[in-house]
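Trainee: Could you take me through one strand of this model up close, and then follow the chain outwards to whatever lies around it? I'd like the contacts and the burial numbers along the way.

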Amino acid sequence: MSMKLVVGLGNPGEKYALTRHNIGFMAVDVIINEFNSQNWQQKFNSLIRSHLIENSKVLFIKPLTYMNLSGLAVQLAMNFYRISRENVVVFHDDIDIQLGTVRLKKGGGHGGHNGLKSIIDKVGQDFIRVRIGVSRPENKDVSHYVLSEFSAPEITLLNKSLSKCHTGLSYILKGSTEDFHKLFSNKY
């Protein structure tokens, strides 16, 4: 049985907990909550958990390296467990997608996302991305925007898409991208 690596991108600490850039951490937390357990360990410069899902051993990590160095943590976990890029799934925020929208993509560039850039620099680009929309800011200050917190109405909308992440991951692990796209095709 090959191991899968599921990465939630974000920044550690309460200061960043509810920011747009931490949506990857939030998605992984929602998935882990389905197992009624938040018993994280610290390894690979990350918080880690493992579970059996869809007959796959899945290692979840939330890098503690801050966004710009996420690739270091991903590389450590991949090397230790000999996980190929094709078995890596990264949940992350995407400003080019409307809030409440979730899209699946394999490979590609970083699109200005420093967490993705770090991962690509360390391990290459042929991994699966779950792109969770946070919308583009009205002004051009993207760095301030992604580190700002969601408003109450935005959190309500966000929770509707995050609540489907566990099922979405199951579809990814089964190789059923069509079911994943159907799951997230509803607009809120």
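Mentor: Let's start with lysine 57, which sits in strand S4. Keep in mind that we're looking at a predicted model. With a relative accessibility of 40%, lysine 57 falls into the partly exposed class. For a sense of scale, pair lysine 57 with glycine 13: they are 44 residues apart in sequence, and their C-alpha atoms are 28 Å apart in space.

Strand S4 covers 56–63, and the loop from there to H2 holds tyrosine 66. Have a look at the backbone of tyrosine 66: phi is positive, about 70°, even though this residue isn't a glycine. Tyrosine 66 counts as partly exposed, at 43% relative accessibility.

There's another case of that backbone feature at asparagine 45, a non-glycine with a positive phi of about 55°. Asparagine 45 belongs to the loop that joins strand S2 (41–43) to strand S3 (46–53). Its relative accessible area is 44%, so asparagine 45 is partly exposed too.

Back to the loop after S4, which leads into H2. Helix H2 spans residues 70–81, helix H3 spans residues 114–123, and their axes come within 7 Å, crossing at roughly 40°. That angle makes H2 and H3 oblique to each other. The handedness of the crossing of H2 with H3 is right-handed. On the H2 side, the contact residues are Ser70, Gly71, Leu72, Val74, Gln75 and Met78; on the H3 side they are Gly115, Ser118, Ile119, Lys122 and Val123. Sorted by class, the contact between H2 and H3 comes to 5 nonpolar, 5 polar and 1 charged residues. When you scan the spacing within each list, remember that an α-helix has 3.6 residues a turn, so residues three or four places apart point the same way.

Zoom in on serine 118, a member of helix H3. Serine 118 has a relative accessible area of 7%, so it is buried. What does serine 118 touch, once residues up to four places away in sequence are left out? The partners are Met67, Asn68, Leu69, Ser70, Gly71 and Leu72.

On the far end of H2, the loop running on to strand S5 (88–94) contains serine 84. Serine 84 is partly exposed, given its relative accessible area of 29%. The chain separation between serine 84 and lysine 4 is 80 residues, yet their C-alpha atoms are separated by 8.5 Å.

Now for the nonpolar cores. The largest one has 33 residues, and Phe60, Phe91, Val130 and Ile132 have the most contacts inside it. H1 supplies the largest share of this core, 6 residues. A separate core has 20 residues, including Leu59, Ala77, Met78 and Val123. Two of those names should ring a bell: Met78 and Val123 also take part in the contact of H2 with H3.

As for H1 itself, this helix runs over residues 23–33 and is mostly covered, with 8 of its 11 residues buried. Those are Ile23, Gly24, Phe25, Met26, Ala27, Val28, Ile31 and Ile32.

One of them, Val28, is also a contact of valine 6. Valine 6 lies in strand S1, residues 3–8, and with a relative accessible area of 0% it is buried. Besides Val28, valine 6 touches Val58, Leu59, Phe60, Ile61, Val89, Phe91 and Leu169, again leaving out residues up to four places away in sequence. Asparagine 22, by contrast, is 16 residues from valine 6 in sequence and 15 Å away in space, C-alpha to C-alpha.

Valine 130, one of the core residues with the most contacts, meets Val89, Val90, Phe91, His92, Val102, Arg103, Leu104, Ile172 and Phe180, its neighbours within four places in sequence left aside. So which helix do Leu169 and Ile172 belong to? Both are among the buried residues of H6, alongside Cys165, His166, Gly168, Ser170 and Leu173. Helix H6 covers residues 165–174, and because 7 of its 10 residues are buried, it is largely enclosed by the rest of the structure. Right after H6 comes glycine 175, with a positive phi of about 80°.

Technical notes. Residues numbered from 1 in each chain as written. Predicted model: local features only at pLDDT ≥ 70, side-chain atom pairs only at ≥ 80, totals over all residues. Heavy atoms only, no water. Axes fitted to C-alpha atoms, helices over the stretch in contact; angles between N-to-C directions. Helix = DSSP H or I, 4+ residues; strand = E, 2+ residues; numbered from the N terminus. Parallel < 35°, antiparallel > 145°, perpendicular 65-115°, else oblique. Left-handed = near helix turned anticlockwise from the far one by under 90°. Contact = heavy atoms within 4.5 Å. Nonpolar A, V, L, I, M, F, W, Y, C, P; charged D, E, K, R; others polar. Buried < 20%, exposed > 50% of the residue type's maximum accessible area, 1.4 Å probe, protein only. Core = buried A, V, L, I, M, F, W, Y, C linked by side-chain atoms within 4.5 Å.
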